[in-house]
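Here is a short briefing for work at the level of side chains. It covers record annotations, cores, aromatic pairs and salt bridges.

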Amino acid sequence: MAHTSSSTDLPDPERLADAFYVYEVDTTPEDGIRYYGEPMTERERVVQAVGPTFRSRGYRVRLTEETGEYVLVAEKRSLGVDGVPWTNVALALATLLSTLYAGSRWYGLPVISDPVSLVGAWPFAAAVLGILAVHEFGHYALSRYHEVQASLPYFIPLPFNVIGTLGAVIQMNDNIPDRKALFDIGVAGPLAGLAATILVTAVGVTMDPVRVPGGLIAHVDIGYPLLIRGIAALLGEQVVYADPTLIPNPVVIAGWVGAFVTFLNLLPVGQLDGAHVTRSLLGDRMRSIQLAVPLLLFGLAGYLVAFENGQAAALWAFWGVLTLVFGRVGSATPLDETPLGTKRAAVGVLTFVLGVLCFAPVPIVISL
């Protein structure tokens, strides 16, 4: 069948022949440029082989299968933001409200009888959203630096919860040019978020504790990781009080949220930050590490059942299931597999060490 491409900036099908034999080209603009053909190498290597050619012409490419045919879909790359990102704005506002409500519980504010008192929880909400925003914009900034198409952050509200959010994410809808870009983008979020977490925690431990005599928060026990405890100790402060009605200032709780989110994000599975960093450091050897993560989490859950009355066991069992699902989704594969240098490797090791400092075996227990 004749090749019918009207886009002069696209590569000729003959240039792809070593990796993908093309027998038809469909130039429907709304669906991207579609190359129908047969892989001439391992399927997972096709995009790595042809991706640089498309990228140099301003396109991203993916390989899919439709009704028994293999299709390379090439779409124009765009690094800018088109128009007002209303979805991002709406989710950010919803997360602001949900974190304000969560914060009102930590402060013991009478929101039901006095809805305006919700505003009094702004330090907690600002701290949590600030940590999440710094984390995600770390990813976004390095995505722009490496010219990888990425969305603005999508905040995830979680109403009627003690933290008010499930975090935030950005979408990278592009081919990653090389391991350096994958590493920089992956590590930038946790390091930026950790810096914000340390700052928030340092401010929070110097603020007055809060007395909450009743309600849900009176039944919530927080397990603070070494990072939070260490910051408090360095500043001569404490995060655990003998008086059970006394809790640290909720800004400290926001720091705990930042540490917990950082630890979870650094798990080396799927599309999590830890997977990007590990994949860029170890290449395909990451697969064996990814398989071990669910086993470790299930093992931790089992240990907590056996020796800690089951506290937080359900949490880690749930994350064990999630990591199994994330692992099946797969991880990012850069186009260029040139190994990283020693400086980036050292930064990667340091990042995982900091991630371990964010770990608490029993991070939260709610007893009703």
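A residue counts as buried under 20% relative accessible area, as exposed over 50%, and as partly exposed in between. Asp243, at 28%, is therefore partly exposed. The model is predicted. The points below are grouped by topic.

**Annotated segments**

- The unreviewed UniProt entry places the feature "transmembrane region" at residues 86-104, 116-134, 154-170, 182-205, 247-267, 288-307, 313-333 and 345-366.
- Residues 86-104 are 100% helix and 0% strand. The end C-alpha atoms of this stretch are 27 Å apart.
- Residues 345-366 are 59% helix and 14% strand. Here the end C-alpha atoms are 39 Å apart.

**Nonpolar cores**

- How many residues make up the largest nonpolar core? The count is 62.
- Trp106, Phe124, Ile222, Tyr224, Trp256, Leu267 and Trp316 have the most contacts inside this core.
- Helix α6, residues 250-265, gives the most to this core, with 11 residues.
- Ile222 is in contact with Trp106, Ile253, Trp256, Pro363 and Ile364, leaving aside neighbours within four places in sequence.
- A second, separate core has 18 residues, including Leu10, Ile33, Val46 and Phe54.

**Aromatic pairs**

- The structure holds 10 aromatic pairs.
- Are the rings of Phe137 and Tyr140 stacked or edge-to-face? Planes over 60 degrees apart count as edge-to-face. The planes of Phe137 and Tyr140 stand at 80°, so this pair is edge-to-face, with the ring centres 6.0 Å apart.
- Both residues lie in helix α3. Phe137 and Tyr140 are 3 residues apart, about one turn of the helix.
- Their exposure classes are given separately. Phe137 is partly exposed, because its relative accessibility is 40%. Tyr140 is buried, because its relative accessible area is 11%.
- Phe263 and Trp316 also form an edge-to-face pair, 6.0 Å centre to centre and with 85° between the planes.
- Phe263 lies in helix α6 and Trp316 in helix α9, residues 313-329, so this pair ties together parts that are 53 residues apart in sequence.
- Phe263 is buried at 15% relative accessibility. Trp316 is buried too, with a relative accessible area of 0%.
- Phe263 and Trp316 belong to one aromatic cluster, together with Trp256, Phe260 and Phe359.
- Two members of that cluster, Trp256 and Trp316, also appear among the residues with the most contacts inside the largest core.

**Salt bridges**

- The whole structure contains 12 salt bridges.
- The side chains of Arg55 and Asp174 form one of them, at 3.8 Å from N to O.
- Why does this bridge tie together parts that are 119 residues apart in sequence? Arg55 lies in helix α1 (residues 43-55), while Asp174 lies in the loop between β6 (165-169) and α4 (179-205).
- Arg55 is buried, at 16% relative accessible area. Asp174 counts as buried at 13%.
- Arg211 and Asp243 form another salt bridge, their closest N and O atoms being 2.5 Å apart.
- This pair links distant parts of the chain, 32 residues apart. Arg211 is in strand β7 (residues 210-211), and Asp243 is in the loop between α5 (226-234) and β9 (246-247).
- Arg279 and Asp284 meet through their side chains in a salt bridge of 3.4 Å, N to O.
- Arg279 is buried, with a relative accessible area of 4%. Asp284 is partly exposed, at 34% relative accessibility.
- Which residues are linked with Arg279 and Asp284 in a network of salt bridges? They are Arg45, Arg179 and Glu337.

**A buried histidine**

- Where does His146 lie? His146 sits in the loop between α3 (122-145) and β5 (154-157).
- His146 is buried, because its relative accessible area is 15%.
- Beyond residues up to four places away in sequence, His146 touches Arg55, Pro177, Lys180, Ala181 and Asp184.
- Arg55 thus recurs: it touches His146, and it forms the salt bridge with Asp174.

Key. Residues are numbered from 1 along each chain as its sequence is written. This is a predicted model: local features need pLDDT of at least 70, side-chain atom pairs count only at pLDDT 80 or more; totals for chains, interfaces and linings use all residues. Side-chain values use heavy atoms; hydrogens and water are left out. UniProt positions are given in the numbering used here, feature names are shortened, and annotations may be inferred rather than shown by experiment. Helices (H or I, at least four residues) and strands (E, at least two) are DSSP runs, numbered from the N terminus. Buried means under 20% relative accessible area, exposed over 50%, partly exposed in between (1.4 Å probe, protein chains only). Contact means heavy atoms within 4.5 Å. A nonpolar core is a set of buried Ala, Val, Leu, Ile, Met, Phe, Trp, Tyr and Cys residues joined through side-chain atoms within 4.5 Å. Rings of Phe, Tyr and Trp (its six-membered ring) pair if their centres lie within 6.5 Å; planes under 30 degrees apart count as stacked, over 60 as edge-to-face and the rest as tilted. A salt bridge is a side-chain nitrogen of Lys or Arg within 4 Å of a carboxyl oxygen of Asp or Glu.
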